[in-house]
Amino acid sequence: MKNKKKLIAVIVSVALVLIALIVTVVIVAVRKNRPPELEEVRGRFEEVLNASGEINEIFWGEGLPTYPRIYEEPFSFKDSYFNGETSEEKTIKGITFDDGNGRTIVAYRAWMFFIPDGQEDGIYYDFENNAVLAAKPNDDFYRFAERVSAPREGATQNAYLAQNLGGEGYYYYSLESYDIGSVFFYTESDDENYDFVRLDCGYLSVEDIKLAAAKVYSPSYLASVGESIFTGVIVSDTAGVLLWARYMDHEDSGSGEMSLVKYNKDKGLTLTDWVYDFSTMRIADGSNAAFVTVELERYPAGNEGAREVCTQRFALENGEWYLDSPSY
């Protein structure tokens, strides 16, 4: 009996020790899994929420700006050089295009380099003004006019184009200047579903977009939406319905030059330009050391009276906090 009591006492003691250890482990685990204090993460949360607007616009809004679909239509006509003795016929070339602003622009090169018959030296000759040029013009030198269907008061007709292209029904007026370098010309072989993203928008490739998004959204969240944005998704195998990728890298078949293109059939959502009141931010229940949900007030820019409470989720990945839910 005495030994039995000792055995029970030992078992009870061991059980109490085990319970104490378990309680300690649980307490430590709970403490380790506690969410961070708001002030520890406030700066980072504010940073990614403020930066998310640009990424949201690229992914789900109107998207990156693209070049309007402008096509050039080439034309040519014959003109003659006369040196006092002989006459030589040359071909003058140009293009017309609708510039997207309701104007039809005529761009033409009225100069040419050639060696006149009977001479040893070549000349740069301006056919429009019947004059030998002192030096070679720039390779991108064009003269410009606007083609219109009726005369304009106070405008001067471009007699050279009217004479050589036919002025009947159309009148040509000289433009003082035109930046043809700002015009992006499409070709008939370009995919009609994709427009070229402007080179001055700050994003030149899919990788540029991914790098910018990776500074804001968590890797796991980006993995969940990246396929639809950059690859395309088959919505229905039986019906063969394809959700086109919104952005792709495009390689020119001739030059091999890479460009960024955007799907033009999806106009995107009209997103609200949110202003966040970070003074109202608080960590919501259910948050832990790896995932934090916050609640805070926001309102559309310029309309503070339309405040609302929003909930945003953040994830800790590789030692840094990222937005883990869309903020649009």
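Strands β2 and β3 pair in the antiparallel sense over 10 bridges. The structure shown above is a predicted model, and this pairing is a convenient place to enter it. Within the pair, Pro74 has Ile95 of β3 as its bridge partner. The two strands form a hairpin with four residues between them. In the turn of that hairpin, Gly84 has a positive phi of about 100°.

From β3 the reader may continue to the next strand. Strand β3, which covers residues 87-98, is joined by six bridges to strand β4, residues 104-109, and the two run antiparallel. Ile95 appears again here, since its bridge partner in β4 is Ala107. Ile95 is thus a residue to locate in both pairings: it is the partner of Pro74 and also of Ala107. The hairpin of β3 and β4 has five residues between the strands, and Gly100 takes a positive phi near 85° in it.

The path then leads from β4 to β8. Five bridges join these strands, which run antiparallel. One of the residues to look for is Val106, whose bridge partner in β8 is Ala145. Strand β8 in turn pairs with β9 in the antiparallel sense, over four bridges. Ala145 takes part on this side as well, with Ser174 in β9 as its bridge partner.

Taken together, these pairings make up an open sheet of five strands in the order β2-β3-β4-β8-β9, with antiparallel pairing. Its edge strands are β2 and β9, the latter spanning residues 171-174, and each of them pairs on one side only. From one strand to the next, the twist averages 30°. As a general point for reading such a sheet, side chains in a regular strand alternate between its two faces.

A helix accompanies this sheet. Helix α3 lies across β2, β3, β4, β8 and β9, and runs at about 105° to β2. An aromatic pair also links α3 with β2. The rings of Phe77 and Tyr160 have their centres 5.7 Å apart and their planes at 70°; planes over 60 degrees apart count as edge-to-face, and the pair is therefore edge-to-face. Phe77 lies in strand β2 (residues 73-82) and Tyr160 in helix α3 (residues 159-166), so the pair ties together parts that are 83 residues apart in sequence. A search of the whole structure finds 30 aromatic pairs.

A second open sheet has three strands, in the order β5-β6-β7, and its pairing is antiparallel. The edge strands are β5 (111-114) and β7 (131-133), each of which pairs on one side only. The twist in this sheet averages 35° from one strand to the next. Strand β6, made up of residues 123-126, pairs with β7 in the antiparallel sense over three bridges. In this pairing, Tyr125 has Val132 of β7 as its bridge partner.

Further along the chain, strand β18 (residues 308-317) is joined to strand β19 (residues 320-323) by four bridges, and the two run antiparallel. Phe314 has Leu323 in β19 as its bridge partner. The hairpin of β18 and β19 has two residues between the strands, and Asn318 takes a positive phi near 55° in it.

The last feature on this route is a contact between two helices. The axes of helix α2 (residues 38-59) and helix α4 (residues 206-214) come within 10 Å and cross at roughly 140°. Angles over 145 degrees count as roughly antiparallel and those from 65 to 115 as roughly perpendicular; α2 and α4 are therefore oblique to each other. Their crossing is left-handed. On the α2 side the residues that meet α4 are Ile55, Ile58 and Phe59, and their counterparts in α4 are Ile209, Ala212 and Ala213. The residues of this contact divide into six nonpolar, no polar and no charged.

Definitions and conventions
Residues numbered from 1 in each chain as written. Predicted model: local features only at pLDDT ≥ 70, side-chain atom pairs only at ≥ 80, totals over all residues. Heavy atoms only, no water. Axes fitted to C-alpha atoms, helices over the stretch in contact; angles between N-to-C directions. Parallel < 35°, antiparallel > 145°, perpendicular 65-115°, else oblique. Left-handed = near helix turned anticlockwise from the far one by under 90°. Contact = heavy atoms within 4.5 Å. Nonpolar A, V, L, I, M, F, W, Y, C, P; charged D, E, K, R; others polar. Pairing = 2+ DSSP bridges. Phe/Tyr/Trp six-rings, centres within 6.5 Å; stacked < 30°, edge-to-face > 60°.
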